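User: I'd like to learn how to read a structural model feature by feature. Could you walk me through this one?

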Amino acid sequence: MRFERREHRPLYLLIVTPVIAVVAALALAGILIAIAGAPVLDAYWRILTGAFGSRLSATETLTRATPLMLTGLAAAVAFRARLWNIGAEGQFYLGAIAVAAASSKLLGNLPAPILIPLLLLVGAIAGMVLILIPLWLRLRFSVDEVVTSLLLNFIAVLFVSMLIDGVLKDPLAFGWPQSQSVSDHAMLPKLIARSRLHIGFAIAIGLAVIVHFVQSRTVFGMQSRAAGLNPAGAVFAGVPLGRTLVKVACLSGGLAGLAGAIEVMGVKGYVTTDLSPGFGYAGIVVAMLANLNPLGVVFAAIFTATMFVGADGMSRGLGIPTYIADVTVALSLLTMLIALFFTQYRIRR
């Protein structure tokens, strides 16, 4: 028995693979639920109703999915070009704090139609700046960007902590470490009244469509795919590898920084060190579940958000830990990696 690389991957296989991976992950997680003494089907039904059983829960799930879409897109764009951006968490925080600083110190008096796009651009640029550091180290000194981008996450969070305990600290927060709030007219409009679902959700979906078009229909998209499939072959074919990676890094870091900006402007209104429950790291899982497909990222983000939001209802109803959701998402990543292997190779006897 041997593994033989497929010359062509059928479309149906690429579509079915994520579904099989998720079903396998749910089956494996079901074993843990049964060990915890709860009925498996009832537990999953409670997760579903906890995430979409009411108007409030549905809007909360989609609100939670919004930053996951953007960090998932950031990871998908970078990984497709074989740029291992593990720093989306730090880029998220830097985008968030840049928006808070720009709104409270520089641009707060501008009218909303001008202020909101400017702040979103500021957040995206902040994310770009952070990712260009590990990329420069890779191109100049061949330093592995996995290590440098990961370590920059901690530096970014500590930098944000310093700012919100210092020059950006809100004097009205009663000593609580949080940044000054963004101005009221800098907050993103709501998509549904009396809910937290904001226009950032529509922006994230729109960006997924745009990124899909760029990757599949433009020269830059072809160059980035070539850089990921075979860097040496891409250079031989005339692809400017360094310039392409810089563009990919700017797009990836910009999306992660934009996620932080949208979370502040759409939900929180200010920055704290617990602003992100791990959106940057979860974005990697989302990207892999989507097989690095920008449109698939939308559905993978909603699935991940469903597990996280619905697990609270399951925990309250059945008395089992909410960590089952984390385990299920992690198992989904592992099963997806195995499934992806079998989309690229077939077994020959």
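Analyst: We will go from the whole chain to helices, and then to single residues. This is a predicted model, in which local features need pLDDT of at least 70 and side-chain atom pairs count only at pLDDT 80 or more, while totals for chains, interfaces and linings use all residues. Residues are numbered from 1 along each chain as its sequence is written, and side-chain values use heavy atoms, leaving out hydrogens and water.

User: How many helices and strands does the chain have?

Analyst: Helices (H or I, at least four residues) and strands (E, at least two) are DSSP runs, numbered from the N terminus. Here the chain has 13 helices and two strands.

User: What radius of gyration would a compact globule have, and what does the chain have?

Analyst: The radius is taken over C-alpha atoms, and the globule rule is 2.2 Å times the number of residues to the power 0.38. For 349 residues that gives a value near 20 Å, and the chain has 21 Å, which agrees. The C-alpha trace spans about 70 × 60 × 30 Å along its principal axes.

User: What share of the residues is buried?

Analyst: Buried means under 20% relative accessible area, exposed over 50%, and partly exposed in between (1.4 Å probe, protein chains only). Of the 349 residues in the chain, 50% are buried.

User: And what share of the contacts joins residues at least 24 apart?

Analyst: A contact means heavy atoms within 4.5 Å. Among contacts in the chain between residues at least 6 apart in sequence, 77% join residues at least 24 apart.

User: Let's move to a helix. What span should H3 have, and how far apart are its end C-alpha atoms?

Analyst: The expected span of a helix is 1.5 Å times one less than its number of residues. Helix H3 (residues 55-80) has 26 residues and should span 38 Å; its end C-alpha atoms are 36 Å apart, which agrees. Burial adds to the picture: 22 of the 26 residues of H3 are buried, so the helix is largely enclosed by the rest of the structure.

User: What follows H3?

Analyst: Arg 82 does, with a positive phi near 60°, although Arg 82 is not a glycine. Arg 82 sits in the loop between H3 and helix H4 (88-106) and is partly exposed at 36% relative accessibility. One of the residues in contact with Arg 82 is Pro 231, found in helix H9 (residues 231-236). The C-alpha atoms of Pro 231 and Ala 81 are separated by 8.9 Å, with their places 150 residues apart along the chain.

User: Where is Leu 292, and what is its phi?

Analyst: Leu 292 is in the loop between H11 and helix H12 (294-318), and its phi is also positive, near 60°. At 17% relative accessibility, Leu 292 counts as buried.

User: Is Leu 275 buried or exposed?

Analyst: Leu 275 is buried, at 3% relative accessibility, in the loop between helix H10 (241-268) and helix H11 (279-289). Not counting residues up to four places away in sequence, Leu 275 touches several residues, among them Phe 92, Tyr 93 and Val 264.

User: Which residues does Ser 332 touch?

Analyst: Leaving out residues up to four places away in sequence, Ser 332 touches Ala 25, Leu 289 and Phe 303. Ser 332 lies in helix H13 (residues 323-344) and is buried, with a relative accessible area of 0%.
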